[in-house]
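Open the model in your viewer and keep the selection tool handy. We will go from stop to stop, and at each one you will hear what to select and what is there.

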Amino acid sequence: MSERLTVAKTYKLYVGGKFPRSESGRSYPVRDAKGGFLANAAQASRKDVREAVVAARKAFGGWSGATAYNRGQVLYRVAELLEGRREQFVAETSAGEGANGKRAQAGVDAAIDRWVWYAGWTDKIATVLGAANPVAGPYFSFSVPEPTGVVGVLAPQASSLLGLVSVLAPAIATGNTVVVVASQDRPLPAITLSEVLATSDVPGGVVNILTGRTAELAPWLASHADVNALDLTGAPESMSAELERSAAGTVKRVLRARPTEPDWTAPPDISRLRAFLETKTVWHPKGT
Amino acid sequence: MASPPPASTGLPPALSDATRDETSLRRFLHGLPGVDQVGVEQRAAGLATRSIKKAAKLWAIDTAIGMVDLTTLEGADTDGKVRSLCAKARRPDPDRAEVPPVAAVCVYPDMVATAVEALRGTGIGVASVATAFPSGRSSVPVKIADTELAVAAGATEVDMVIDRGAFLSGRYGRVFDEIVTVKHACGDAHLKVILETGELATYDNVRRASWLAMLAGADFIKTSTGKISPAATLPVTHVMLQAVRDWHTATGDRVGVKPAGGIRTTKDAIRYLVAVHEVAGEEWLTPEKFRFGASSLLNDLLMQRRAQLDGHYSGPDYVTVD
């Protein structure tokens, strides 16, 4: 029997719950840590950014309007599916990041745990960040956190799964919808995550994942008037300042990047949940 | 058909012959060459692939804005809504004074007075749907009264619907008479005849209805009411553009075309403009001869216009919600 040929995969984007090719028709080879060929990924263009933002905006009403409890259930279900794809994630992260088997496994476990951790926060964050404010008058005054809107996320370049989950999960847990630009050189875990999301209960458009050149896509995301916030975590350091300036043109909330990627294995806190929330304060007259 | 209609005067003999009586009308309409369905759909799809960029796109966007019949035809329309629509018609993009006003505002007859008041002195037309819009299911006196109501209130354009039931059962004379009567009731107001192509079933019927409307004196032929699906499509508009071109060849008159319903994006609008240019001709690329019946299209045109000029994508937060 002849030796079996491997099937070289060419992946697509994930936009609006569907898997379209890039409008530009481009793709680029993804290589492992040693330079061997892994697969082809779609190379998104500015028009794919535009389509993704439209999809995210369309999904925002439904996702932000869903009850926090319901969002939690939906995200828990994603964690279950992540668990089912565990071996694939381990293989992809260890190939892409050059981590040995044990470290890769630990990374995937941490990513799934992180997802569960954020899923648990959906219906608790309002009690932590919201308040019934004391006022000197016959009024009730409440402050409640509300999602910022469509968030553009430049995913971490190095940590392709744990890092991705650590920036993505908090943004959607609070009710935002996101357009993610995956790690440029290590996009495979993000692509597999999109396959997980497509078969989960997360409505199409809540998470849109683009693969391609971060430096090409980031400026379009930063300047887009219908994007409400920008997470610069995976931005090339040389571009950060310009992206922030460009985002200021349409008054976006910007989460700045540190010069080096944070240690994602450190225990998380709620700062990333808080980053894309706006506080709404309501005054309400007391009944007589 | 009771009497020779006034519309047929001045027509070439072959055409005025066609309107002599019901039999000759049927003979004429059924004598029109059939539409090659595959051909027209391929041609429409082929033209739709034209790439219009940069300066040409900007020109197309401004041209399309100037051709919009900004429409609100809802049961829930109020004076306030019509007034705010008129404000938008006058100055589509409040931040940019150079954006041209739209061609007309299209409302129900009882809202015409409000629109006329709000648009006085601007040169923007007020179009009113009439004749028991959208179904057209009523008696002729009611349809005339509906038209007169709109015209008396100051409508400069009347959008009438044809009796599709009569058309489909072959009573062309009845449809013809109705259009002639409404045209008479319009006085100076322009008459747009809505064929409701979504209910006509075949392209042959669209071609016949187009000719029938033009024979009866229509100033414009319009695809649809926007109330049923499918509304305007590129191939249907193609057939109608061919009809007005052939009518021009036969008579020297230029009849306008108005696709309405389902045109929501700038990309769609530009495809229509390409079709107008290629099928009918450059002379039709003016608001006097070509209109878009639309409501949400205008916002997309404005967003695209901003994207072209600002160098980044705009969003729905930056245009008015109507």
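Start by selecting Glu199(B): leaving aside residues up to four places away in sequence, Glu199(B) touches Arg164(B) and Ile228(B). This is a predicted model, so every stop on the tour shows a prediction. Glu199(B) sits in the loop between strand S5 (190-194) and H10 of chain B. Is Glu199(B) buried or exposed? Neither label fits fully: with 17 other C-beta atoms within 10 Å, Glu199(B) is partly exposed, since a residue needs 20 or more such neighbours to count as buried and 12 or fewer to count as exposed. Now add Ala213(B) to your selection. Glu199(B) and Ala213(B) are 14 residues apart along the chain, and their C-alpha atoms are separated by 16 Å.

**Helix H10 of chain B**

Next, select residues 203-215 of chain B, which form helix H10. How far apart should the ends of this helix be? At 1.5 Å a residue, its 13 residues should span 18 Å, and the end C-alpha atoms are indeed 18 Å apart, so the two values agree. Now show the surroundings of H10(B). Because 12 of its 13 residues are buried, H10(B) is largely enclosed by the rest of the structure. Among the buried ones are Tyr203(B), Trp211(B) and Met214(B), and also Arg207(B) and Arg208(B). If you colour the side chains, here is a helpful idea: an α-helix has 3.6 residues a turn, so residues three or four places apart point the same way. After the helix, click on Gly217(B), which follows H10(B) and has a positive phi, near 105°.

**Two cis peptide bonds in chain B**

Select Phe133(B) and Pro134(B) together. The peptide bond from Phe133(B) to Pro134(B) is cis, with omega near 0°. Pro134(B) lies in the loop between strand S3 (125-130) and helix H7 (140-152) of chain B. While you are here, click on Ala132(B), which belongs to the loop between S3 and H7. Ala132(B) is not a glycine, yet its phi is positive, about 55°. Ala132(B) has 16 other C-beta atoms within 10 Å and is partly exposed.

Now move to Ser229(B) and Pro230(B), where the peptide bond is also cis, with omega near 0°. You will find Pro230(B) in the loop between strand S6 (220-222) and helix H11 (234-251) of chain B.

**A positive phi in a helix**

Which residue should you pick in helix H4 (residues 54-66) of chain B? Try Lys54(B), which is placed in that helix. Lys54(B) is not a glycine, but its phi is positive, about 50°. With 8 C-beta neighbours inside 10 Å, Lys54(B) counts as exposed.

**Chain B as a whole**

Zoom out and show all of chain B, which has 13 helices and 8 strands. Its radius of gyration is 19 Å, close to the 20 Å that the globule rule gives for 322 residues, so chain B is as compact as a globular protein of that length. Of those 322 residues, 51% count as buried. Colour the chain by pLDDT: the mean is 93, and 97% of the residues reach 70 or more. For contrast, select residues 2-8 of chain B, where pLDDT stays under 50.

**Over to chain A**

Which residues make up helix H6 of chain A? Select residues 162-173. The 12 residues of H6(A) should span 16 Å at 1.5 Å a residue, and the end C-alpha atoms are 16 Å apart, which agrees. H6(A) is mostly covered, with 12 of its 12 residues buried. Just as a glycine follows H10(B), Gly175(A) follows H6(A), and its phi is positive, near 105°.

Now select residues 32-254 of chain A. An unreviewed UniProt entry places the feature "domain: Aldehyde dehydrogenase" there. Over this stretch the chain is 52% helix and 17% strand.

Show the whole of chain A, and you have 10 helices and 10 strands on screen. The radius of gyration of chain A is 20 Å, close to the 19 Å that the globule rule gives for 288 residues, so it is as compact as a globular protein of that length.

**Last stop: where the chains touch**

Finally, display both chains. The contact takes 5 residues from chain A and 7 residues from chain B. On the side of chain A that touches chain B, the residues divide into 1 nonpolar, 2 polar and 2 charged. The model scores ipTM 0.83 and pTM 0.89.

How values were computed
Residues numbered from 1 in each chain as written. Chains lettered and ligands numbered in written order. Predicted model: local features only at pLDDT ≥ 70, side-chain atom pairs only at ≥ 80, totals over all residues. Helix = DSSP H or I, 4+ residues; strand = E, 2+ residues; numbered from the N terminus. Rg over C-alpha atoms; globule rule 2.2 N^0.38 Å. Contact = placed C-beta atoms within 7 Å. Nonpolar A, V, L, I, M, F, W, Y, C, P; charged D, E, K, R; others polar. Expected span 1.5 Å × (residues − 1). UniProt positions renumbered as here; feature names shortened; annotations may be inferred. pLDDT = per-residue confidence, 0-100.
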